[in-house]
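Here are my comments on the model you sent, set out as numbered points. They concern side-chain pairings and burial.

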Amino acid sequence: MKPQSHEGNCHCQSIGFVFRTAVAPEQWPIRSCSCTFCRTRGVLSTSDPAGSLRFVERVPRTLHAYRFGQKTADFLICRNCGTYVGASMQSGNRAFGIVNARVLLSLAARFAEPQPMNYGGESSADRLARRESRWTPLELEPPLTAPAVRVKRR
């Protein structure tokens with residue numbers, strides 16, 4: 001299958017993403033994390049290590065990067081409407097991300113049943129290695145700098 005672009009947005013359209021993958025939505029790995037952040041938001045995450053992902057901030061200063069727990073990733077939340085759209089992490093000179101599949105409203109009925117996940121016993125090194133193998137590479141504008149995400153403004 002040829003790569004397709006899937007755009008997701010927060011409720012107020014201030015932030016979002018473009019997720020490119022050759023995998024059909026019915027075949028996406030849909031994960032339901034058991035941490036309190038994801039559980040309280042009903043998050044369903046997905047990614048494609050062979051795809052690409054770009055986060056977009058359409059309204060300046062609306063993207064909030066929240067770090068918690070082991071502080072190995074930035075969880076991207078809209079400052080206006082509170083929607084969580086995805087997460088990013090940086091490993092060396094590479095960056096990876098996941099998207100909240102719940103913000104892809106037109107595709108939700110096509111997703112596979114979510115796989116329950118529990119990452120509580122992972123060390124920081126194990127967590128980074130898992131993410132590098134599963135998450136989608138991010139398209140970033142060089143140079144790569146902190147914070148882990150550099151978004152493209154429209």
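1. Glu139 has a relative accessibility of 39%, and because the partly exposed class lies between 20% and 50%, this residue counts as partly exposed. The model is a predicted one, and in it Glu139 forms a salt bridge with Arg54, with the closest N and O atoms 3.8 Å apart. The pair joins distant parts of the chain, since Glu139 sits in the loop between E11 and strand E12 (152-153) while Arg54 belongs to strand E5, 85 residues apart. Arg54 is likewise partly exposed, at a relative accessible area of 22%.

2. The whole structure contains 5 salt bridges, and another of them pairs Arg67 with Asp74, where the closest N and O atoms are 2.6 Å apart. The two partners differ in their exposure: Arg67 is partly exposed, with a relative accessible area of 36%, whereas Asp74 is buried, with a relative accessible area of 3%.

3. Which residues make up a network of salt bridges? Glu122, Arg127 and Arg130 are linked in this way, and for the bridge between Arg130 and Glu122 the closest N and O atoms are 2.6 Å apart. Both of these partners are buried, Arg130 with a relative accessible area of 12% and Glu122 with one of 17%. Arg130 also lies over the face of Tyr119, at 3.7 Å from the ring centre.

4. Helix H2, which covers residues 124-134, has Arg127, Arg130 and Arg131 among its buried residues. Viewed down the axis of H2, the buried residues fall within an arc of 95°, and therefore they line one face of the helix. What they pack against is strand E7 (74-78) together with strand E8 (84-91).

5. Turning to the rings, the structure holds 9 aromatic pairs. One of these is formed by Phe17 and Phe55, whose ring centres are 6.4 Å apart and whose planes stand at 80°, so the pair is edge-to-face. Because Phe17 lies in strand E2 (residues 15-21) and Phe55 in strand E5 (residues 52-57), the pair ties together parts that are 38 residues apart in sequence. Phe17 is buried, at a relative accessible area of 0%, and Phe55 also counts as buried, at 4% relative accessibility.

6. Phe68 and Phe75 form a further pair, with ring centres 4.7 Å apart and planes at 45°, so this pair is tilted. Phe68 is partly exposed, with a relative accessible area of 25%, whereas Phe75 counts as buried at 8% relative accessibility. Both residues belong to a cluster that ring pairs build from Phe37, Tyr66, Phe68, Phe75 and Tyr84. At Phe37 there is also a charged neighbour, as Arg41 lies over the face of that ring, at 3.9 Å from the ring centre.

7. Is Thr136 buried or exposed? With 0% relative accessibility, Thr136 counts as buried, and its place is in strand E11 (residues 136-137). The side chain of Thr136 reaches the backbone nitrogen of Asp48 at 2.6 Å. Leaving aside residues up to four places away in sequence, the residues that Thr136 touches include Phe19, Ser47, Asp48, Pro49, Gly51, Ser52 and Leu53, as well as Ala95, Phe96 and Gly97.

Note on methods. Residues numbered from 1 in each chain as written. Predicted model: local features only at pLDDT ≥ 70, side-chain atom pairs only at ≥ 80, totals over all residues. Heavy atoms only, no water. Helix = DSSP H or I, 4+ residues; strand = E, 2+ residues; numbered from the N terminus. Buried < 20%, exposed > 50% of the residue type's maximum accessible area, 1.4 Å probe, protein only. Polar contact = N/O pair within 3.5 Å; in protein donor to acceptor, adjacent residues only side chain to side chain. Contact = heavy atoms within 4.5 Å. Phe/Tyr/Trp six-rings, centres within 6.5 Å; stacked < 30°, edge-to-face > 60°. Lys NZ or Arg CZ within 6 Å of the ring centre and 35° of its normal. Arc of directions from axis to C-beta. Salt bridge = Lys/Arg side-chain N within 4 Å of Asp/Glu carboxyl O.
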